[in-house]
Amino acid sequence: MKRDPVASGTAVRSGTGVASGAPAVSGGVTAALGALGVVVGLRAVFGAPLHASIGWLVPFAGLRIDLDPLGGAFMALTGAVAAAVGVYAIGYARREHWARFPLVMLPVFVLTLLVVPAAGSVTTFLFGWEAMALTSLALVLTEHHRDEVRSAGLFYAVLTQIGFVAILVALVSLSSASGSGDFAGIRAAAGDLGPALRNGVFLLTVVGFGSKAGLLPLHAWLPRAHPEAPSPVSALMSAAMVNLGIYGIVRIDVQALGGGPRWWGTTLMVVGAASAVFGVLQASVSADLKRLLAYSTTENMGLIAMAIGASMLLGASGLASVAAIALTAALLHLVAHAAFKALGFLAAGSVLAGTGLRDLDRLGGLARRMPYTTVLFGIAALGATGLPLGAGFVGEWLLLQSLIHTPQGDNTLLSLVIPLSIGALALTTGLGIVAMVKAFGIGFLARPRSEGAEKAREASPTMLVGMALAALGCVVVAVAPAALGPALTRVASTLPSVGGDQGPKLGAILRLPGAAGSVSPAILAAAFAVAISLVLLLARWGVGARPAAVVRPLWAGGGPALTPRMQYTATSFAEPLQRVFDDVLRPDTDVAVTHVAESRYLIEKITFRTAQADAVEEHLYWPVVRAVAAVARGVRKAHTGSIHLYLLFGTIGLLVVIVVGR
Amino acid sequence: MSWATRILKVGRIVQASPAAPARTVPSPTGTRASLQIRHVDAGSCNGCELELSGAFSSVYDAEQFGARLVASPRHADALVVTGVVTHNMRGPLIDTLAATPEPKLVIAMGDCACDGGMFRNGYGVAGAVGDFVPVDVELRGCPPTPDQIVETLRKVTGR
């Protein structure tokens with residue numbers, strides 16, 4: 001890859017020629033667009049569906065907006081993420097000296113994100129989808145003077161285009177077979193379509209939308225693009241864009257096609273479970289904070305895909321009320337994931353801006369230096385663990401309940417798939433705790449492990465406000481999911497094929513219809529608060545009876561003092577896990593021992609090197625890439641530079657065309 | 001007859017321990033049959049370590065009298081110091097005692113720890129344990145036998 005002379009070096013970083021108010025304008029417009037998205041989306045969820053048609057705006061069929069509760073909910077969710085990110089981006093862009101290009105692209109990207117769920121016709125959808133892919137690619141390449149960024153951009157571009165081709169083929173064949181260009185027409189004609197077409201469309205949409213949602217095996221762009229993109233962009237991509245992959249699956253397969261045979265749901269569950277387990281395993285051994293969060297996105301999207309697959313499978317098995325619980329779990333977890341992942345990436349961006357680091361092995365000690373960011377990241381990490389009082393708890397609990405309460409009877413498929421899914425969910429949740437404890441404990445607590453971490457600066461006020469907005473979302477989902485209840489009910493009512501009209505009621509206490517299970521996050525939170533204040537009171541009460549505290553130096557094993565090198569690192573924390581899952585993770589470790597020249601018994605130095613590659617990428621992508629490269633080398637042999645030879649090739653080609661097309 | 005009933009029938013077989021010695025040293029924590037010990041090797045020839053591990057082995061089983069070895073001075077009520085104090089271990093010994101919470105006890109084990117023993121005027125030797133930290137209990141012997149160690153510990157634990 002050649003280095004672009006204009007783009008290289010300091011010209012990009014210093015952002016020459018950008019007015020000092022530009023970040024405020026860009027972030028402000030982004031936030032305003034987001035707020036507009038929330039308002040319009042919520043109106044569509046609760047009010048009458050919105051229709052709009054602008055004939056000249058998009059080629060072929062014109063722009064067609066058709067906003068129903070499903071699209072409105074995704075629009076509102078995207079808008080909420082964009083509002084938080086927009087406020088954050090004001091401070092972030094100022095501190096990182098963004099150039100003009102990303103400042104302009106950020107609101108454009110948000111606009112395309114809002115268009116996709118609003119699209120009412122296939123052409124508008126595809127147009128918005130591709131515009132979204134291109135603007136996000138441009139934003140990923142913001143720091144394109146670095147090699148890793150360009151490589152990540154290439155990965156993202158290739159995978160997103162593979163996905164786009166799959167979606168294009170699926171939607172075009174669907175619309176030509178049903179004779180209608182808009183989703184409403186497709187839904188009306190879906191019953192008359194042949195099973196071969198329906199199955200083909202299902203598989204293509206799972207591949208295409210799965211690549212955007214970061215599902216296995218087309219997830220490889222996530223852990224590359226998310227760490228290299230600027231953090232507000234990572235947050236938008238991970239909390240808003242990947243959701244649209246799920247949106248596509250729900251819109252086409254669940255709503256337009258109205259569900260399918262049982263293997264559809266089973267396929268989605270298998271893909272989701274594999275993504276969840278693989279993603280969380282990679283997250284728990286990853287030492288790069290943003291890479292960890294990116295893998296966690298794969299994990300959570302996997303869980304959501306699993307929940308949607310479960311609802312499709314149960315809906316097709318005639319268990320509508322349990323299917324509705326799984327659907328609610330998927331939707332709720334989608335909201336929760338958007339909240340905690342946006343917050344996680346924004347906090348990671350604050351760490352990156354404050355220390356210049358995202359390597360957990362070199363971070364640490366941020367709790368003293370960046371107290372607000374630490375608390376906010378803690379809220380995000382708690383949400384990602386799926387523990388009570390965290391945002392991810394309610395969705396995962398509902399998914400587990402729907403799986404546990406599935407009456408299996410003598411149904412072989414159900415009695416095979418459901419217990420395995422419960423196992424995958426349990427493993428994912430457990431490992432998710434390890435990953436997030438590592439990210440928070442190693443990254444933010446203990447002592448700083450490098451000079452960069454020692455000189456950390458707290459994020460600027462606008463960044464903190466942006467993060468606080470996302471944190472508010474986390475807290476609402478965690479403590480009062482009932483606030484989302486009416487919206488979820490409206491969304492689910494548009495999905496009758498998975499029992500959407502008989503979902504669980506999200507009151508102050510979550511009760512499941514037809515199943516013995518209830519939980520109340522609000523009461524849990526209240527009990528937790530009471531317990532903490534009780535302990536504090538008791539501790540204060542006993543303080544008079546104790547002797548005065550004596551201050552002594554920290555115990556350093558008899559050594560002179562503690563050094564940061566004595567601490568756990570992210571790599572050592574994950575080492576036991578890496579050993580247990582050696583076969584799946586296949587880490588690349590290397591220990592080189594150099595002996596002293598005079599004696600084998602004395603060691604001069606030991607070098608330890610470990611790299612955690614993505615096993616799927618290693619064994620699935622690179623063989624293909626190598627094969628393509630080998631073919632290309634073969635083709636190059638024909639390029640001799642002789643014009644006569646080229647004329648001969650052209651003639652042969654023409655003859656073939658004439659003979660074939662006769 | 002299953003193994004469970006056989007166990008029940010045979011009951012518990014233990015060798016009777018010798019009668020408890022008089023409690024000459026008050027337990028630092030004021031409790032009976034509980035003494036958490038951190039062992040510090042201040043520069044020993046490892047003879048005392050061998051006997052100490054024997055005392056805590058299944059044969060002599062010092063733990064049945066309430067003495068227990070712990071891994072950090074933070075958890076300890078008492079230090080058992082073996083060996084002469086070498087120049088290199090003088091600082092760590094003092095630090096270890098400082099890191100032990102009050103109230104605490106120092107048991108000097110072996111002739112070297114008590115007065116320097118056979119290494120008294122060695123070139124790397126700083127002195128006996130008593131020269132640097134206050135010693136509460138002295139346990140003579142080169143090395144003391146496990147029986148002697150257990151007996152001394154029982155004087156502290158009172159069991």
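## Exercises on chains A and B

A:H97 lies in the loop between α3 and α4 (100-118) of chain A. Helices and strands here are DSSP runs, helices being H or I with at least four residues and strands E with at least two, numbered from the N terminus.

This is a predicted model, where local features need pLDDT of at least 70 and side-chain atom pairs count only at pLDDT 80 or more, while totals for chains, interfaces and linings use all residues. Residues are numbered from 1 along each chain as its sequence is written, chains are lettered from A and ligands numbered from 1 in the order in which they are written, and side-chain values use heavy atoms, leaving out hydrogens and water.

**Exercise 1. Look at the backbone of A:H97 and B:A33, and say what sign phi has in each.**

Step 1: For A:H97, phi comes out near 55°, a positive value in a residue other than glycine.
Step 2: Check its surroundings: A:H97 is partly exposed, because its relative accessible area of 48% falls between the limits (buried is under 20%, exposed over 50%, with a 1.4 Å probe and protein chains only).
Step 3: Now B:A33, which isn't a glycine either, yet has a positive phi of about 60°. This alanine sits in the loop between α1 (3-10) and β1 (35-41) of chain B.

**Exercise 2. Find where the cis peptide bonds at A:P217 and B:P143 sit.**

Step 1: In chain A, the cis bond joins A:L216 and A:P217, with omega about -5°. A:P217 is in the loop between α8 (195-213) and α9 (221-228).
Step 2: In chain B, the bond from B:C142 to B:P143 is cis, with omega near -10°. B:P143 belongs to the loop between β7 (137-139) and α5 (146-157).

**Exercise 3. Work out how α3(A) packs on α10(A), and what kinds of residue do the job.**

Step 1: Start with the axes (lines fitted to C-alpha atoms, for helices over the stretch in contact, with angles from 0 to 180 degrees between N-to-C directions). Helix α3 (residues 69-95) and helix α10 (residues 231-256) of chain A pack at about 175°, their axes 9 Å apart.
Step 2: That angle makes α3(A) roughly antiparallel to α10(A), because the label applies over 145 degrees (under 35 is roughly parallel, 65 to 115 roughly perpendicular, the rest oblique).
Step 3: List contacts, meaning heavy atoms within 4.5 Å. Among them are A:F74, A:V81 and A:Y88 of α3(A), and A:L236, A:N243, A:Y247 and A:R251 of α10(A).
Step 4: Sort by class: 17 nonpolar, five polar and one charged. Ala, Val, Leu, Ile, Met, Phe, Trp, Tyr, Cys and Pro count as nonpolar, Asp, Glu, Lys and Arg as charged, and the others, Gly among them, as polar.

**Exercise 4. Follow α13(A) to its partners α10(A) and α15(A), and give the hand of each crossing.**

Step 1: With α10(A), the packing angle is about 160° and the axes are 7 Å apart. So α10(A) is roughly antiparallel to α13(A).
Step 2: This crossing is right-handed; the near helix is turned clockwise from the far one by less than a right angle, and anticlockwise would be left-handed.
Step 3: Residues that meet include A:S238, A:V242 and A:I246 in α10(A) and A:H337, A:K341 and A:F345 in α13(A). The whole contact divides into twelve nonpolar, six polar and one charged.
Step 4: Turn to helix α15 (residues 371-385): its axis comes within 8 Å of that of α13(A), and the two cross at roughly 145°. Here the crossing is left-handed.
Step 5: A:F340, A:L343 and A:A347 of α13(A) are among the residues meeting α15(A), whose side includes A:F377 and A:A380. The count is nine nonpolar, four polar and no charged residues.

**Exercise 5. Say how many residues the largest nonpolar core has, and which helix gives its largest share.**

Step 1: A nonpolar core is a set of buried Ala, Val, Leu, Ile, Met, Phe, Trp, Tyr and Cys residues joined through side-chain atoms within 4.5 Å.
Step 2: The largest has 175 residues, and A:F125, A:W221 and A:I308 are among those with the most contacts inside it. Helix α13 (residues 320-355) of chain A gives the largest share, 24 residues.
Step 3: There's also a second, separate core of 21 residues, including B:I37 and B:L153.
Step 4: Zoom in on A:I308: leaving aside residues up to four places away in sequence, it touches A:I246, A:V250, A:V254, A:L268 and A:A330.
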